[in-house]
Each structure stands twice: as C-alpha cells, then as structure tokens.
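User: I have a structure open in front of me and I'd like to learn how to read it. Could you walk me through it step by step?

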Protein chains: 2
Amino acid sequence: MDHAAGMPINPRVFEAMKPYFTQNYGNPSSSHSFAASAKNALMESRKKVAQLIGAEKPEEVIFTSGGTESNNLALKGAAYRNKKKGNHIITTTIEHISTINICKHLQKQGFEVTYMPVDKQGMVYPQKLEDAITDKTILISVMYANGEIGTIQPIKKIGKIAHENQIHFHVDAVAAAGKIPINVVEENIDLLSISSNDIYGPKGMGALYIKKGTRIQPVSQGGGQEKGLRSGTENIPGIVGIGKAAEIAQEEIIAEGKRLSQLRDKLVKNVLNTIERSHLNGHPTKRLPNNANLRFSYIEGEALILGLDMLGIQVSSGSACTSKTLEPSHVLLAIGLAHEDAHGSLVFTMGKQNSEEDVDYVLEVLPSVVKRLRAMSPLTPKEIR
Amino acid sequence: MDHAAGMPINPRVFEAMKPYFTQNYGNPSSSHSFAASAKNALMESRKKVAQLIGAEKPEEVIFTSGGTESNNLALKGAAYRNKKKGNHIITTTIEHISTINICKHLQKQGFEVTYMPVDKQGMVYPQKLEDAITDKTILISVMYANGEIGTIQPIKKIGKIAHENQIHFHVDAVAAAGKIPINVVEENIDLLSISSNDIYGPKGMGALYIKKGTRIQPVSQGGGQEKGLRSGTENIPGIVGIGKAAEIAQEEIIAEGKRLSQLRDKLVKNVLNTIERSHLNGHPTKRLPNNANLRFSYIEGEALILGLDMLGIQVSSGSACTSKTLEPSHVLLAIGLAHEDAHGSLVFTMGKQNSEEDVDYVLEVLPSVVKRLRAMSPLTPKEIR
C-alpha cells in the first residue's frame with residue numbers, strides 16, 4: 001500500500017511500449033520513412049495526455065523525464081521568462097520537495113517567494129492567497145492534491161484569482177492526475193506537471209502542459225526538440241507508455257476512484273474506531289481517493305513501517321523523495337503537527353493491485369502491531385498500554 | 001545504416017529491464033524491503049558503466065535522462081560552480097548541438113567561450129588549444145569523437161593539458177562510448193557524458209561520470225537523488241538497461257569494433273573507387289569504426305536519402321538532432337565545406353544489425369541512384385552525367 005513511492009507499470013501500458021523498444025525505434029527528427037511511426041506515436045501520446053487533463057490542443061503537452069523535471073521547467077521557465085514583469089512568486093508550505101527546493105533556488109537568484117500557510121487539514125485559503133498578490137507577482141504555484149496527506153486544493157478558485165490578476169498559474173498534478181478529474185481549461189491552469197509512473201506508466205517520464213500563449217523559456221539547451229523547450233532525443237517507448245497510461249487512467253478514473261475511496265473509507269473508519277489515539281491527517285472528505293495518512297500517538301513511524309513490512313504490508317512514513325533524510329515530513333509540520341506526531345504518521349496509498357482483502361488484512365494486524373510498539377514506548381500512558 | 005539517430009535496443013538489454021518494469025518496481029528511496037532490489041540494481045549499473053569507461057569508483061557515475069541532460073549538467077554545473085575562479089570556457093566548433101547551444105546560453109550569462117577551429121579532417125590541435133588558455137579558463141569541453149564525421153580527438157593529450165593547467169575537462173562521449181575504448185583515468189577526464197541509446201540501451205537514459213573531487217553544482221532542484229546532482233525518482237528499468245548495455249558493450253567492444261571498421265573500410269573504399277567525385281568527410285584513419293560520412297558533388301543529400309530510403313536503406317544527412325532545420329550541418333561547415341558540398345553529404349552509421357550483405361547492397365545500388373540524381377542536377381558537369 002505504498003503506491004506513491006513506486007508504482008508497478010500497467011501490463012497494458014508495457015504491452016503498448018514493447019514494439020517501440022524492439023521494432024519501431026525510429027527517431028522522429030530523422031528524415032527517412034522509419035521516423036514516421038515515431039512521429040505518429042508522439043502526436044498520439046500528446047493527444048491522450050491532453051484528453052486526461054482537458055487540454056484543448058495536443059501541442060500544449062510536452063514530454064519530460066518526470067514530475068521533478070516538469071516542475072523545474074514550469075517554475076524556472078516561467079520565472080526567468082517573466083522577470084522583467086516582476087520577481088514575486090506565490091506557492092504553499094506543503095508543495096512537493098522539488099517545488100520547495102526550486103523556489104529556494106529562485107530566491108537565491110533574486111526572486112521573492114511567499115510560502116502560503118495551510119490549515120490543519122492542509123487546505124490553502126484562496127482569499128489569503130489573493131491578499132498575498134503584489135504588482136510584482138508573476139507566478140502562482142499550488143499543487144492539485146498532496147500525495148502525503150491527500151488534501152485536494154480549491155484549484156478552480158485559485159485559477160480564477162490568477163487569471164483575473166493576469167498571473168501565470170502552475171499546478172503540480174503529480175499526485176492528482178489520473179486519480180481525480182482535472183480540467184485545465186475550466187480551472188484556468190497555465191502550466192501543469194504530470195509524472196508518468198504515478199499513473200501506472202513507466203518511470204523516467206513526465207509531461208508538462210503549457211497553455212498556448214504561456215510565456216516560458218527552456219531550462220536546458222540542445223537540439224531544440226519539444227518546441228525548443230525540452231531538448232534531447234525523444235524517449236519514444238516512454239512517451240508511448242505515458243500516453244497509454246493516460247488513456248487507461250481516463251477510462252477508469254470514475255470507477256476506480258469510487259472503488260478506492262470505498263476501500264480508503266473502510267480502512268480509515270475502522271482504524272479510527274479500533275485503535276485508540278489514532279488520527280487521520282489531511283482533509284476528511286476533500287482528499288485523494290487512494291490516500292489515507294494515519295497518525296498513531298506514542299509510536300515511531302519507522303518502527304511501524306518495519307513491523308508492517310515483516311507482515312508483508314508496505315507503507316511509507318511520508319514522501320519517498322525525502323524519507324532517507326529521516327527528517328519529519330515538511331508537510332506534516334506545515335499542518336501543525338509536533339515533531340513526535342509527524343514521526344508517528346503512516347501513509348497508505350492504495351492502487352489497482354489493492355483489494356478489500358488487503359484492507360481487511362491491515363485491519364486485522366495493525367492493531368496488534370501498534371499495541372506491541374506502544375508497549376515498548378516510554379511515552380505511552382499507562383491506561384492505553 | 002542510420003544508427004546515430006535511433007538505435008534498436010539490444011534484446012538482452014530489454015530482457016534485463018523487463019522484471020524491473022513488471023515485478024521489482026520499488027523506489028530506492030523508500031524504507032521498506034521492496035526498495036532493496038532497486039538499490040542493488042542502481043549500484044550494479046553504476047559499476048557496469050564505470051567499468052566501460054575505466055572509472056575507479058561506481059559512485060562517480062550518476063544517471064540522467066540522456067546525453068543532452070548530461071552535457072547540460074556537466075557544462076553548466078561546472079561553469080556556475082567555478083565562476084569565482086574565472087569565466088572562460090574552451091570548446092570546439094564541431095561539438096554536438098547541445099554543447100554549442102549550452103555554450104551560447106552561458107555566453108549570455110557572462111561567460112566567455114572560445115570555439116576552437118578544427119582542420120579539414122575535423123581534428124582539434126592540442127597545442128592551439130593550450131595557447132587559448134587564459135588565467136580565467138575554468139573548463140575545457142571536447143567531444144571524444146564526432147558522431148557525424150567520425151573523427152576521434154586526441155583526448156589524452158588535451159586531458160594532460162587541462163590537468164596541468166588545473167582546468168576541469170569535460171568530454172562528450174555520446175558517439176564514442178561503447179565503440180572505442182575509453183579510460184577516464186588515463187585520459188585525465190573529469191566529466192564524461194554518455195547516452196544509453198547510443199550503446200543499444202533504452203532511450204531517455206544517460207549517464208555522467210564525475211571524477212571524485214570535481215566541483216559541479218546541480219542544474220535542477222528536487223528530492224536530492226544522485227547525491228543532490230540529479231533529482232527525480234530514479235528510472236530503475238532505464239538504469240538497469242544502461243547498465244546492461246554498458247556491460248555488453250564492454251564485452252564486445254574489440255571484436256565489434258574490428259568487424260565494423262572492416263565493413264566501413266569496404267564501403268568507403270568501394271564508393272570512392274566506383275563513384276566519381278565522391279569524397280570521405282572526416283579523418284581517414286582516426287575515426288569511429290561504425291562511421292562513414294561520404295560526400296557526392298552536385299547532389300542534394302535529402303534527395304539521396306529519399307532515393308535510398310525507397311530502396312530500403314536508411315541513412316542520414318547529418319545529426320538527426322538538427323536535420324529538421326534543413327540547415328547544413330555546422331560540423332561540415334566547420335571542416336571547411338561549402339554549403340553545397342555539406343548538403344551533398346551522407347552519413348552511414350553502422351551497427352550490430354548490419355552485415356557485409358548490407359554493405360554489398362549499398363555498393364550495388366548507390367552508384368545508380370547517384371547517377372540518376374546527377375543527371376537531374378543542373379550543377380553536374382557534362383562529362384560525368
């Protein structure tokens with residue numbers, strides 16, 4: 001149940017990619033006939049990704065090596081391209097580590113960044129965000145949903161504010177795309193980052209939606225592929241993979257979203273009912289269908305992960321991108337948790353592979369693992385040992 | 001015979017990657033046991049790439065999304081990190097378009113770049129390069145071999161000069177790696193770019209060798225993977241692929257190099273003997289074993305490509321990275337060809353799939369295609385129509 005860290009590729013996606021590894025290995029930039037199927041594949045994949053996010057034109061989608069690269073290109077590309085208009089960027093305190101680190105980098109380059117706080121459920125207030133706008137503001141970047149605590153932001157409202165103030169609006173949709181419907185047109189989104197692996201596509205692939213007319217500049221130089229915005233020979237098998245993954249995600253988004261949210265609700269409800277001093281992090285209803293972030297007082301998350309791992313259950317203590325640092329998640333600190341509570345949190349991210357049986361198994365073993373760990377913890381009050 | 005533009009993945013490489021797509025999809029940054037095989041795969045691949053280029057430590061190899069990204073990271077990373085020491089960079093006029101465009105970008109950021117001219121065979125003179133060094137020089141970047149004209153540079157001599165002058169030395173080995181032996185230690189190379197697809201590995205993958213102690217800074221921000229130099233969830237299937245490709249390349253480099261150079265020599269010798277006013281571009285002996293760049297006076301290369309394509313022979317008019325612009329190759333102009341001669345050039349890049357039969361077939365049909373096109377060209381002198 002750790003689908004946020006590493007996702008299995010969908011077998012249908014892998015089947016779609018195979019011929020492009022072994023047979024159709026043309027370079028779309030070549031002159032000869034061999035290149036034509038690569039060009040077609042490229043355009044088909046743009047279409048499929050565009051459809052998943054409600055983009056009007058396939059050409060508005062370009063391909064990158066992943067969510068991190070998409071965020072780098074969107075944020076730095078927009079910041080540098082528009083710096084004559086102003087140097088102020090607004091984002092939030094719970095963005096993905098890549099957005100946070102890109103913004104820190106931009107601050108060193110002379111940009112000013114406002115990190116909007118969120119409430120205890122991880123929600124950004126659009127009104128407060130609007131109040132933070134100055135005449136120097138050139139970019140607003142807010143994630144669609146948070147992959148750790150699941151909270152879905154009021155993107156449409158924020159998009160309206162950005163649009164009315166003629167400010168570029170970037171949305172990191174890595175955790176949300178393919179899980180909940182997104183419509184870049186209705187939501188006034190100018191730039192949107194997607195990661196392939198998070199929609200059961202291959203790793204090392206991502207996409208960036210760039211609304212027609214949006215002014216950004218490349219952050220790397222090369223042969224001028226992807227309209228000069230992302231140079232490098234196109235990874236056609238990967239591009240076919242993300243396209244197929246987007247197509248399948250769109251087909252299944254409603255039914256799978258319903259199924260997963262039922263599993264999640266069963267998990268959350270029963271854990272909160274059966275385990276004392278357990279809490280749900282993030283928003284109770286406005287959250288990703290596949291995400292349950294649960295907190296258990298008096299327990300070290302890492303110990304709990306190990307205990308569950310030995311029973312065959314994979315979960316995470318937060319974003320895999322930063323879990324090697326052993327620092328508590330910046331997201332959990334941003335929603336106001338104390339260090340020890342942040343450390344006692346566990347992220348369940350469910351996916352296609354998970355069934356009700358998996359949830360039942362977690363519900364069967366989790367209480368006793370928690371009980372055993374609490375018995376060992378000096379912090380645990382006598383009455384619940 | 002257009003292996004420079006798009007290479008088929010080696011079936012053994014694809015077999016090695018498969019389990020990492022479908023079964024071992026762990027994230028090496030996760031905490032649980034599932035992540036261990038990903039971590040191992042990462043280290044094994046570093047080892048294999050390190051061995052191919054004679055690097056002492058696997059940790060000196062980091063993975064990127066391709067040759068273009070490796071060049072961006074090496075050049076900008078070294079330039080920005082060392083700008084307090086100086087702002088002068090030396091490269092050549094025949095580098096890959098990514099290096100040229102990165103250098104142009106750096107010039108806009110206040111760096112000074114010297115583009116060393118090459119001789120008619122595409123050779124850089126180490127002595128002239130040394131003369132260009134100033135006390136502001138912080139970086140020398142010279143490609144190992146040119147993918148278009150095949151010329152192999154005197155890298156060891158240039159490395160010695162860079163080393164003696166305490167200047168970082170970057171080598172773009174995209175066209176050379178896996179085709180001719182490279183030894184980063186003996187050749188005093190600090191930074192070396194590799195592309196996976198050019199060694200029959202998967203697209204969308206590359207590597208950068210960074211000699212221990214070399215000062216470079218990241219060019220993108222994120223979760224801090226690859227020692228903070230290349231953020232983004234590791235593309236484990238791709239990493240396994242480039243590792244396996246490097247392993248196979250090392251096994252076969254001597255025998256395959258010999259086989260290909262014999263095919264190339266047969267092709268070149270017979271073309272020059274049978275087709276009037278045909279010429280070999282690049283160095284006659286110091287050239288990549290798989291490369292033959294042939295020039296046919298009075299002919300448009302694009303027409304020749306089309307003619308051969310209809311007969312089932314794929315060739316290129318130059319770098320696929322720029323062939324869509326229809327500008328003549330900057331490499332051919334740099335070796336002193338007139339525009340019309342550059343346009344009349346054809347690149348044959350042979351690979352594993354090519355046999356002596358393929359060469360015989362080219363030798364069978366090429367003369368008549370050339371003859372027909374020359375008959376149509378108003379430039380052709382009467383005597384050779």
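Analyst: Sure. Keep in mind that this is a predicted model. A good start is to take stock of the helices and strands: chain A has 11 helices and 10 strands.

User: How does the radius of gyration of chain A sit against the globule rule?

Analyst: You put the radius beside what the rule gives for a chain of that length. For chain A the radius of gyration is 21 Å, close to the 21 Å that the globule rule gives for 385 residues, so chain A is as compact as a globular protein of that length. If you'd like a box around it, the C-alpha atoms of chain A fill roughly 75 × 55 × 35 Å along the principal axes.

User: Which domains does the assignment give for chain A?

Analyst: The domain assignment gives domain 1 (11–249) and domain 2 (253–384). Their centres, taken over C-alpha atoms, are separated by 29 Å. In the contact between these two, domain 1 of chain A takes part with 25 residues and domain 2 of chain A with 24 residues.

User: What kinds of residues are on the domain 1 side of that contact?

Analyst: Sort them by class. The side of domain 1 of chain A that touches domain 2 of chain A has 14 nonpolar, 8 polar and 3 charged residues.

User: Now sheets. In what order do the 7 strands of the open sheet in chain B come?

Analyst: Walk across the sheet from one strand to its neighbour. In chain B that gives S1-S7-S6-S5-S4-S2-S3, with mixed pairing. The edge strands, S1 (61–64) and S3 (112–116) of chain B, each pair on one side only. Ignoring direction, neighbouring strands of this sheet are turned by 20 degrees against each other on average.

User: How many bridges join S2 of chain B to S3(B)?

Analyst: There are 5 bridges, and S2 (residues 88–92) runs parallel to S3(B). To see one pair, find Ile90(B): its bridge partner in S3(B) is Thr114(B). Now follow the chain, and you'll see that S2(B), helix H4 (residues 97–108) of chain B and S3(B) make a right-handed β-α-β unit.

User: Which strands does helix H3 of chain B lie across?

Analyst: Helix H3 (residues 67–81) lies across S1, S2, S4, S5, S6 and S7 of chain B, running at about 165 degrees to S6(B).

User: What about the open sheet of 3 strands in chain B?

Analyst: Here the order is S8-S9-S10, and the pairing is antiparallel. S8 (278–281) and S10 (345–349) of chain B each have a single partner strand, so one side of each is left without a neighbour in the sheet. Neighbouring strands are turned by 30 degrees against each other on average, direction ignored. S9 (residues 291–296) of chain B pairs with S10(B) over 5 bridges, and Leu294(B) has Leu346(B) as its bridge partner in S10(B).

User: Which helix lies across S8, S9 and S10 of chain B?

Analyst: That's helix H7 (residues 236–274) of chain B, which runs at about 10 degrees to S9(B).

Note on methods:
Residues are numbered from 1 along each chain as its sequence is written. Chains are lettered from A and ligands numbered from 1 in the order in which they are written. This is a predicted model: local features need pLDDT of at least 70, side-chain atom pairs count only at pLDDT 80 or more; totals for chains, interfaces and linings use all residues. Two strands pair if DSSP finds at least two bridges between them. Helices (H or I, at least four residues) and strands (E, at least two) are DSSP runs, numbered from the N terminus. Axes are lines fitted to C-alpha atoms, for helices over the stretch in contact, and angles run from 0 to 180 degrees between N-to-C directions. Two residues are in contact if their C-beta atoms, placed from the backbone, lie within 7 Å. A crossover is right-handed if, with the strands pointing away from the viewer, the path from the first strand over the helix to the second runs clockwise. Domain bounds come from an automatic or database domain assignment. Ala, Val, Leu, Ile, Met, Phe, Trp, Tyr, Cys and Pro count as nonpolar, Asp, Glu, Lys and Arg as charged, and the others, Gly among them, as polar. The radius of gyration is taken over C-alpha atoms; the globule rule is 2.2 Å times the number of residues to the power 0.38.
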